[in-house]
Amino acid sequence: MSGVTMIINNLSVDDNTPACCWICLSEHGTLTSQCKCPASHTAHAECVAQWRFVRAGTEEERSCRFCSHAYTPLVDAFPHLERAQAPVMTLNVHGSKHAIPVVGGEWGRMLFEADVRRLYGLGDEEEVDISFSCVVPGTDMKVILSGWQCYDAAYMAAAIACAAGSKEDKVEEDKAGGAQQGGLLQRVMRTFFQSGDDQQLHNN
Ligand SMILES: [Zn+2]
Ligand SMILES: [Zn+2]
């Protein structure tokens, strides 16, 4: 029964099912696991980082969708980010562009919101819905991240764009969000990123 022995010796779990990235489904490149998932759930580090970016503001930004393992902060997932750079977000307010230097974290988000309120003439009691339009780091793909909980991801994209020296000049006019809820004003604004070198963006 030597044939049986041969079959048993060839039983190697993954031999016939090569691992592939669960995000891009490619088998090529270095597949890693940044969580507690089994080896069958590996992915490219870049794919995971971009996945998390697109899911900014949700649980999937912070933890693995399969095993719930908490990830390192998203900002650390992009090794090419040079945080010494001072990123800028561009607000389009009634046709005028305003370049606003931004910093990360909750404090940075509060400062940014204060700038937004000032530029739009919004009172403290008015609710502001914000959308960030940005390029997924490492790609040419543009996404809209909705909500203030996406600020850190948007900040990171701005910082990476700034570090890369990329120019993002395209600015679209705001489309009013419109929805009135509970008497609170809902406004949708789009924020665009570009490198920190542009000045004179305010054209009356
Ligand atoms: Zn991949
Ligand atoms: Zn996992």
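This is a short dialogue on reading a predicted model.

User: Where in the protein is confidence lowest, and where is it highest?

Analyst: Start with the score itself. Where pLDDT is low, the predicted coordinates should not be read in detail. The protein averages a pLDDT of 72, and 68% of the residues score at least 70. Confidence is lowest in strand β7 (residues 188-194), at a mean of 36. Confidence is highest in helix α3 (residues 59-62), at 92. Over residues 1-15 the pLDDT is below 50, and this stretch has one contact in the model beyond near neighbours in sequence. Residues 166-204 also stay under 50. For that stretch the model has 88 contacts beyond four places in sequence.

User: How many helices and strands are there in the protein? In what order do the elements run?

Analyst: The protein has five helices and seven strands. From the N terminus the order is α-β-β-α-α-β-β-α-β-β-α-β. Next, look at contacts with a separation of 6 or more: 58% of them link residues 24 or more positions apart. Of the 204 residues, 25% count as buried.

User: Which residues have the most contacts inside the largest nonpolar core?

Analyst: The general idea comes first. In soluble globular proteins, nonpolar side chains tend to be buried together. Here the largest nonpolar core has 33 residues. Those with the most contacts inside it are L145, A153, A154, M156, A157 and A158. At least two core residues come from each of α2 (45-54), β3 (88-93), α4 (105-120), β5, β6 and α5. The largest share, eleven residues, comes from α5. Domain 1 (1-80) and domain 2 (88-203) both contribute, so the core lies between them.

User: Is α5 mostly covered or mostly open? What span should its 13 residues have?

Analyst: Helix α5 is mostly covered, with twelve of its 13 residues buried. The buried residues run through Y151, D152, A153, A154, Y155, M156, A157, A158, A159, I160, A161 and C162. For the span, use 1.5 Å a residue. Helix α5 (residues 151-163) should then reach 18 Å, and its end C-alpha atoms are 18 Å apart, which agrees.

User: How do the side chains alternate along strand β6?

Analyst: Check which face each side chain points to, then check burial. In β6 (residues 142-146), V143 and L145 point to one face and are buried. K142, I144 and S146 point to the other face and are not buried.

User: In which sense do β5 and β6 pair? What is the bridge partner of M89 in β4?

Analyst: Read the direction, then the bridges. Strand β5 (residues 129-135) pairs with β6 in the antiparallel sense over five bridges. One pair of bridge partners is C134 and V143. Six residues lie between the strands of this hairpin, where G138 takes a positive phi near 85°. Strands β3 and β4 (residues 96-101) also run antiparallel, joined by six bridges. M89 has I100 as its bridge partner in β4. That hairpin has two residues between the strands, and H94 takes a positive phi near 50°.

User: Which residue in the loop between α1 and β1 should I check? Is S68 buried or exposed?

Analyst: For a residue that is not a glycine, look at the sign of phi, then at the surroundings. L25 is in the loop between α1 (2-10) and β1 (31-32). L25 is not a glycine, yet its phi is positive, about 65°. L25 counts as exposed because it has 9 C-beta neighbours inside 10 Å. S68, in the loop between α3 and β3, also has a positive phi of about 65° without being a glycine. S68 has 12 C-beta neighbours inside 10 Å, so it counts as exposed.

Terms used. Residues are numbered from 1 along each chain as its sequence is written. Chains are lettered from A and ligands numbered from 1 in the order in which they are written. This is a predicted model: local features need pLDDT of at least 70, side-chain atom pairs count only at pLDDT 80 or more; totals for chains, interfaces and linings use all residues. A residue is buried if 20 or more other C-beta atoms lie within 10 Å of its own, exposed if 12 or fewer, and partly exposed in between; C-beta atoms are placed from the backbone. Helices (H or I, at least four residues) and strands (E, at least two) are DSSP runs, numbered from the N terminus. Two strands pair if DSSP finds at least two bridges between them. Two residues are in contact if their C-beta atoms, placed from the backbone, lie within 7 Å. The expected span of a helix is 1.5 Å times one less than its number of residues. A nonpolar core is a set of buried Ala, Val, Leu, Ile, Met, Phe, Trp, Tyr and Cys residues joined through C-beta atoms within 7 Å. Domain bounds come from an automatic or database domain assignment. pLDDT is the predictor's confidence in each residue, from 0 to 100.
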